[in-house]
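Student: Hi! Could you walk me through this model before I head back to the bench?
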Amino acid sequence: MFAEQNLAERRAFPRMSIERPIAFRVLSDGSNQVGELRSLSGNGLLFVANSSVPVGESLRIRVNPPLTLTPPLHAEVEVVRCLQANGNGFAVAAKMTRLL
């Protein structure tokens, strides 16, 4: 618990838990995939994908908000971690490199 608090205090931006569909394009091969966004912060995100995404890979992501009053999140991100998720899929952590 103490280690988690220290990590949270060091974060530049707080994390928000959010469950939304996410669409992403792998820029190296142009493949389009979908997943489920799990958390979002000012400079990164975590989502679950059906297949593994290599660390260092650049992606273009799009997340539509539940209400049309807010514009979609459209950004380029770099994968920093990809681990087998509990159950099905892969937990992909990425840092935002550019808002589109």
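Tutor: Happy to, and we can go from the overall fold to a few side chains.

Student: What should I know before I start reading residue numbers?
Tutor: This is a predicted model, where local features need pLDDT of at least 70, side-chain atom pairs count only at pLDDT 80 or more, and totals for chains, interfaces and linings use all residues. Residues are numbered from 1 along each chain as its sequence is written, and side-chain values use heavy atoms, with hydrogens and water left out.

Student: Okay, what is the mean pLDDT of the protein?
Tutor: The mean is 87, and 87% of the residues reach 70 or more. pLDDT is the predictor's confidence in each residue, from 0 to 100.

Student: Where is confidence lowest, and where is it highest?
Tutor: Helix α1 (residues 2-10) is lowest, with a mean of 48, while strand β4 (residues 58-63) is highest, at 97. Over residues 1-7, pLDDT stays under 50, and the model has zero contacts there beyond four places in sequence. Contact here means heavy atoms within 4.5 Å.

Student: How many helices and strands does the secondary structure come to?
Tutor: One helix and six strands, in the order α-β-β-β-β-β-β along the sequence. These are DSSP runs numbered from the N terminus: helices are H or I with at least four residues, strands are E with at least two.

Student: And how much of the protein is buried?
Tutor: Buried residues make up 29% of the 100 residues. Buried means under 20% relative accessible area, exposed means over 50%, and partly exposed is in between, with a 1.4 Å probe and protein chains only.

Student: Changing topic, which aromatic pairs does a search of the whole structure find?
Tutor: The search finds one aromatic pair. The rings of Phe24 and Phe47 have centres 5.0 Å apart and planes at 50°, so the pair is tilted. Phe24 sits in strand β1 and Phe47 in strand β3 (residues 44-49), so this pair links distant parts of the chain, 23 residues apart.

Student: What cut-offs apply to the rings?
Tutor: Rings of Phe, Tyr and Trp (its six-membered ring) pair if their centres lie within 6.5 Å; planes under 30 degrees apart are stacked, over 60 edge-to-face, and the rest tilted.

Student: Are those two Phe residues buried or exposed?
Tutor: Both Phe24 and Phe47 are buried.

Student: Staying in strand β1, what is Ile18 in contact with?
Tutor: Leaving aside neighbours within four places in sequence, Ile18 contacts Leu37, Arg38, Ser39 and Leu40. The C-alpha atoms of Ile18 and Leu40 are separated by 6.9 Å, though these residues are 22 apart along the chain. Ile18 is found in strand β1 (residues 16-26) and is partly exposed, at 26% relative accessible area.

Student: Now the charges: how many salt bridges are there?
Tutor: The count comes to two, where a salt bridge is a side-chain nitrogen of Lys or Arg within 4 Å of a carboxyl oxygen of Asp or Glu.

Student: Which side chain does Arg60 meet?
Tutor: Arg60 meets Glu76 in a salt bridge, at 2.8 Å from N to O. Arg60 lies in strand β4 and Glu76 in strand β5 (residues 73-84), so the pair ties together parts 16 residues apart in sequence.

Student: And the other bridge, which residues form a salt bridge there?
Tutor: Glu76 again, with Arg98, the closest N and O atoms being 2.8 Å apart. Arg98 is in strand β6 (residues 90-99) and Glu76 in strand β5, so this pair ties together parts 22 residues apart in sequence. Arg60, Glu76 and Arg98 are thus linked in a network of salt bridges.
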